[in-house]
Amino acid sequence: AAVAQAVGARLQGLTEEDSVLLEAMVPTACLPVPPPRSPAPRLPMALRICTLVCRSWGDRPQLCQVACTMGRVESPVHHGAALPQGLDSSLQQLGVVAPSERQALATRLREATEAATAALLAAEAELNPQQRGGTRAHTDILGMDFLLACVDDALELVALATNSQRCLETCVLSEAMGRAVGEAPGDLPQLLAEAMLHRAQCHLVEGKDILLIGAGGVSKSFVWEAARDYGLKVRIWGA
């Protein structure tokens, strides 16, 4: 009611070309936490979840890394404002005690991240080269931020924004911090290398002439689709 009243009052003073932009207010999840170890009051905390997704083989989004940052509820948690930490420990710190609930949230995070990325890649594929930024330009690595919110007394993951650099920096820092304390290396370096090498291989064969002796059957039709995407010039010779 207060928002509607403020917008109505604002609209009365605007000209015909002006407008009011409203953004959704997402309440941060505030869970009951165990008693603090010290008598000092514990301030409500907010959790920002940073994810990194790579374009895998077959244009399939694959979640590479997750890094979280904690901050005060009344202040937005920005990239670089706090050291990253793991998802499981962050959920425990926030008050998600049950391991099954933490695992369920991790599964939902993977599904939401990869589904959102797949939708963005599909929309990007419909753009013309000029709109994408070049003939072979497309997204290979994408960062996506989530907020752990509370909707109708249930924990929900709310997507905040996508970016290309900040999530990469946060996740690489989290990977390096883990290795510094003796944790086993994760899959992040391998997945990033695979994405970059795949693009490099495509660049090397782009525009090349390929001679095929025997076109194969219908089951090999995917070869022609890949050749078209790679920019190959295919010449078929049959006996």
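A strand here is a DSSP run of E of at least two residues, numbered from the N terminus. R55, a good place to start, lies in strand β1. Please keep in mind that the model is predicted. Here are my notes, point by point.

1. **The sheet.** Four strands make up an open sheet in the order β2-β1-β3-β4, and their pairing is antiparallel. The edges belong to β2 (60-72) and β4 (154-163); each has a single partner strand, so one side of each has no neighbour in the sheet. On average, neighbouring strands are turned by 25° against each other, direction ignored.

2. **Strands β3 and β4.** How many bridges join β3 to β4? There are nine, between antiparallel strands, with β3 covering residues 141-151. As a landmark for your viewer, V151 stands opposite A154 in β4. Helix α2 (residues 87-94) packs on this sheet and touches β1 (45-56), β2 and β3. The direction of α2 makes about 35° with that of β2.

3. **R55 and its surroundings.** Back to R55 in strand β1: this arginine takes part in a network of salt bridges with E124 and D140. Is R55 buried or exposed? Its relative accessible area is 13%, so R55 counts as buried, the cut-off for that class being under 20%. Leaving out residues up to four places away in sequence, R55 touches R60, L121, E124, H138, T139, D140 and A195. E23, by contrast, is 30 Å from R55 in space, C-alpha to C-alpha, with their positions 32 residues apart in sequence.

4. **A salt bridge between two strands.** The whole structure has six salt bridges. One of the pairs is D145 with R48, where the closest N and O atoms are 3.3 Å apart. This pair links distant parts of the chain, since D145 sits in strand β3 and R48 in strand β1, 97 residues apart. Both partners are worth a look for accessibility: D145 is buried at 2% relative accessible area, and R48 is also classed as buried, at 17%.

5. **A salt bridge between two helices.** Which residue does D88 meet in a salt bridge? The partner is R102, at 2.8 Å from N to O. D88 belongs to helix α2 and R102 to helix α3 (residues 99-125), so the pair joins distant parts of the chain, 14 residues apart. The two ends differ in exposure: D88 is partly exposed at 39% relative accessible area, whereas R102 is buried at 10%.

6. **A salt bridge within α3.** E114 and R110 form a salt bridge too, with 3.4 Å between the closest N and O atoms. Both lie in helix α3, four residues apart, which is about one turn of the helix. R110 counts as partly exposed, at 40% relative accessibility.

7. **Helices α5 and α6.** Helix α5 (residues 166-180) packs with helix α6 (residues 188-205) at an angle of about 140°, and their axes are 11 Å apart. That angle makes α5 oblique to α6, because an angle has to be over 145 degrees to count as roughly antiparallel. On the α5 side the contact involves L168, C171, V172 and E175, and these meet L188, P189 and L192 in α6. By class, the contact has six nonpolar residues, no polar ones and one charged residue.

Technical notes
Residues are numbered from 1 along each chain as its sequence is written. This is a predicted model: local features need pLDDT of at least 70, side-chain atom pairs count only at pLDDT 80 or more; totals for chains, interfaces and linings use all residues. Side-chain values use heavy atoms; hydrogens and water are left out. Axes are lines fitted to C-alpha atoms, for helices over the stretch in contact, and angles run from 0 to 180 degrees between N-to-C directions. Angles under 35 degrees count as roughly parallel, over 145 as roughly antiparallel, 65 to 115 as roughly perpendicular and the rest as oblique. Contact means heavy atoms within 4.5 Å. Ala, Val, Leu, Ile, Met, Phe, Trp, Tyr, Cys and Pro count as nonpolar, Asp, Glu, Lys and Arg as charged, and the others, Gly among them, as polar. Two strands pair if DSSP finds at least two bridges between them. A salt bridge is a side-chain nitrogen of Lys or Arg within 4 Å of a carboxyl oxygen of Asp or Glu. Buried means under 20% relative accessible area, exposed over 50%, partly exposed in between (1.4 Å probe, protein chains only).
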